[in-house]
Amino acid sequence: MPIVQATRKGIATWPVVNVTPDYLAVLATTPSRLETEFEALQAVALKHDWPGYCLDFSALVGTPLADRVALLRDWMQRSRASDMERCAIFPAGTEAELLQAAGRVAEHVIAKGFVEPWIGTAPSPLAARDWFAGEVDRVQGLVPEDRLVLALGTGAVLWHPQMALPERVGFAHAVTELSLADGEMAFSRESGNSYASWRDETGGRVRAWFLDLASFDSQLRALKARPIAGVAVWGAGLEDPAIWPRLAGATDEALSGVSFDSYVHQLGAGPFVRPGPAGVTGLRHITRDPRNDEITGFDYEITPRAALVELYGRGRPDQIVLTFDDGPDPEYTPAILDVLAAKDVPASFFVLGQRVAQSPQILRRMLKEGHEIGSHSYWHPKMDAISEARARLEINSTQLAIGTASGVSARLYREPYMRSGGPIHPAELDTLRPLHEAGYVIAGMEVVPWDWKAESPEALANTVITQIAEGAGSVVLLHDSGGDQSATVEAVPLIIEQLRAQGYEFTTLAGLLDVPSYTLMPAAPALAQSFHRFSFQLIGNGWTLLAFGFWATFVIGAGRSVFLLAAARLRQRHVAPLLSGRDSPTVAVVIPAYNEAKVISACIRSALRSAYDYLEVIVVDDGSTDGTAEIARAMCEDPRLRVIRQANGGKASALNTALAESEAEIFVCLDADSQINPHAVARLVRHFANPEVGAVAGKVVVGNRTGWLTKLQALEYITAQGVERRARECFNAIPVVPGALGAWRATAVLEAGIYSSETLAEDADLTMSVIRSGYRVIYDETAVVTTEAPCRLSQLMTQRLRWSLGTLQATFKHRHAWREGSGLGLTALPDIALFGYLLPFLAPLADAFFLLNLWDWMQADGTGQAPSWLLLFGYALLPLLEILVAAAAFRFDPGEDRRLLLLLPLQRLIYRPVLYYCVYRALWRAASGRLAKWGRMQRGGSMLTAGLSRA
């Protein structure tokens, strides 16, 4: 038993070295052996950072004093030479010479302040007041006060009839035995100790003396004025629970209630568990002498009792049951079944519902080959850590899975994380009690070799054989899933062969109980089987779907990120010179507008400030009702500005009107909510000196970065333009020239068929048409426009619904572009289909697959099969690549605010699912024929203009 010490640096653990009389005799004749033993212990102490060892002399009472003194001095000398602290433990009544020697060589001398009865000791107080005071006086005179620690005892000692050696037990154990026997507790005023007696099941009288709150309080009071190094509680776990609040200063009234919240009293023996009634809270009254505050009365009005559990079902000594938990596993369970079939050995399998749903055929094989089936929950949670509703769902779902797959009901149940020897905490019984009341037979285990940690099949088999030989019991716990169980598979035949050679017989749990197998596995109702079979088939196939979704997401996401990074890195920045004089083509800046009264004037002013000579600005008012046309016309003192008003016909119609009204060679299209950089027009136009260029996409910057939503959109724009648009340009596969800022060659637009109203994404439709007409579409990051992004979620979702639906329409319209061998058809359109529309469906499946694997492992408290490294790598790689893509975008655009990168987690967890939802809506509308209108968001006019100065 280790000693736990509270220090200024925290908690220190002192392992206790118990020396037996036989070992002491060996050391007396072979002193060199101590050196070998000490070196081994020293190495262990260093490994675990222990301060030292406590050498316990309690078992050496009656051995030669000289041998004990020699052992003490030799041990302490070695501890000191090894820089280990020195500690020794002595029973009450230890000889003065030994205590004096310990006081000189040990830093901590722990003296027990209680009697430990031995064979022939009559029932008597364990720590009588006068005896304790005298023992403390004696020890204080022998050991320096700064080294002396007095250990106060806990628990009780029972004197059973026909048993020579008294039994030391916990306080809760003794009081529960007293309560079950309808006995009564008494208090000795003379000794300050409690005692009791009762009749056992044979009619013999059991006598008990206690080390409880009464004795503890008396001893604490006696030590209060004594200058010693400290007080120890000896036998933690056996104590009266009231001693801890007593140490914290609780009043007697607060200590009147007695309950055993961490102890279960076991009755009987065997691997099966039958939960008994819950515990009873006791009530006791403490009376004190007003003169000295000593306890004079310690009376129980209600005797407390711990929760009860009955253990039963121990079969014949030559019977063995092999049980397997956590399956069925598609790899290990069939291998174990093959071994059992070859050896003609039955076994019991406690299955998980979720694994039955995945592999129902293995469950049917178990039954066909004569094995037992029991329930082990659905997900393997800690049942005492989940709600009652969740617990019912676990059990009922598993029963449904078993019944659907096999046609039988499982009355056998083994709880996840159940300990050998039965429950020891009331919370464990609370979860078992409803199952017992529902008719389940609760099976535990007795031989637990920890096969998930086995070093080898031989070592595992030896552990099982050894535990059985030592009398652990008949029911062996092994695992056929939940990790690498290859050692278990190989150990099973070794276990069977060796135990058979020793005369053991293998049976099932039904055989152990001597009942027919159908009592533990009755037939399931036929109607229930039919009703649930289809659901569980879906669950089983659903796991395959989740796995497909995960790896498809990994392949699409990782492959796309690597492709974009490589292509963006290869793309060369354009260095075309600005055009001047007669080389400069005429340009028309076209601004389609619908109800843009709040922003139209700022947009027009920014266009008129353009540093380009041959320029006109055309505003096409598409039937606005808010005075947009009037505001625009008020600015017509500038001869370069024209305002055209038409009936509402949509954005494509407005743009085509401008094309028809102007004779310009180049059209620069500008959204009314945008403000263009003064140098943007000249930088866009210069690329048209190359006759192959049909359109140029400008760089769009979010100007109203006033909240988390607009900042997330700014991050999205930077990444999409900085990496995606750069990469696509390498293959002439930019699928859309943005409406916020794009330049078009007039002849290319005419060849492509002008703007079409066949889709809601007229910009994407025209871009694809221009590429298919044989022109190049390029990107100029130096041509900057600042735009106002949606600042409310509803506005964003409306905008993205239109974008998603329009892009889907444009992609479908140009679906045959792949036949032309262009970059558009071979890279852009497949990317839109996979990343834009398929991935939003696969990504949630991937998340669900990973989280369910992680949940499965966590519910197994880390003892189950952990998610594979490949799975962890796949799930972690995608966000890492996204970080790399975002970092590359900011590297390409060094003037951007890098603090936006801190929003990447929010983008992945919140923003992207919102966009996925917009894709779902778009696909639903496309399928149902409900198309979105051009529309517009409600402008706030709050756009920042800092982006206009970007070069």
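The exercises below, each with a worked solution, concern a predicted model. Local features require pLDDT of at least 70 and side-chain atom pairs count only at pLDDT 80 or more, while totals for chains, interfaces and linings use all residues. Residues are numbered from 1 along each chain as its sequence is written, and side-chain values use heavy atoms, with hydrogens and water left out.

**Exercise 1.** Determine the strand order of the eight-stranded open sheet, and state which helices pack on this sheet.

*Solution.*
Step 1. Helices (H or I, at least four residues) and strands (E, at least two) are DSSP runs, numbered from the N terminus. Two strands pair if DSSP finds at least two bridges between them.
Step 2. The order is β29-β28-β27-β30-β33-β32-β34-β31, and the pairing is mixed. At the edges stand β29 (641-646) and β31 (674-676), each pairing on one side only.
Step 3. Direction ignored, neighbouring strands of this sheet are turned by 30° against each other on average. For such angles, axes are lines fitted to C-alpha atoms, for helices over the stretch in contact, and values run from 0 to 180 degrees between N-to-C directions.
Step 4. Edge strand β31 is joined by three bridges to β34 (residues 776-787), and the two run antiparallel. Within this pair, isoleucine 676 has valine 785 of β34 as its bridge partner.
Step 5. Helix α18 (residues 600-608) packs on the sheet and touches β27 (587-593), β28 (615-622), β29, β30 (666-670) and β31; contact means heavy atoms within 4.5 Å. The direction of α18 makes about 15° with that of β31.
Step 6. Helix α22 (residues 708-729) also packs on the sheet, touching β32 (693-702) and β34, and its direction makes about 155° with that of β32.

**Exercise 2.** Explain why glutamine 713 counts as buried, and identify what its side chain reaches.

*Solution.*
Step 1. Glutamine 713 is placed in helix α22.
Step 2. Buried means under 20% relative accessible area, exposed over 50%, and partly exposed in between (1.4 Å probe, protein chains only). Glutamine 713 counts as buried because its relative accessibility is 0%.
Step 3. Its side chain reaches the backbone oxygen of proline 790 at 2.7 Å.
Step 4. Not counting residues up to four places away in sequence, glutamine 713 touches Val702, Ala789, Pro790, Leu796, Gln799, Arg800 and Tyr911.

**Exercise 3.** Establish which side chains make polar contacts with that of glutamate 415.

*Solution.*
Step 1. Glutamate 415 lies in the loop between β23 (412-413) and α13 (426-437).
Step 2. This residue is buried but has no salt bridge, a term for a side-chain nitrogen of Lys or Arg within 4 Å of a carboxyl oxygen of Asp or Glu. The nearest side chain of opposite charge, arginine 419, is 9.0 Å away; Lys and Arg count as positive, Asp and Glu as negative, and His and the chain ends are not counted.
Step 3. A polar contact is a pair of N or O atoms within 3.5 Å; within protein, one must be able to donate a hydrogen and the other to accept it, and residues adjacent in sequence count only if both atoms are side-chain atoms. The side chain of glutamate 415 has such contacts with the side chains of tyrosine 413 at 3.3 Å and threonine 431 at 2.9 Å.

**Exercise 4.** Describe how β5 and β6 pair, and name the buried residues of α4.

*Solution.*
Step 1. Strand β5 (residues 85-90) pairs with β6 in the parallel sense over four bridges; alanine 88 stands opposite valine 109.
Step 2. In β6 (residues 108-112), four of the five residues are buried.
Step 3. Helix α4 (residues 96-105) has Leu98, Leu99, Ala101, Ala102 and Gly103 buried, and their cover includes α3 (65-81), β5, β6 and α5 (129-140).
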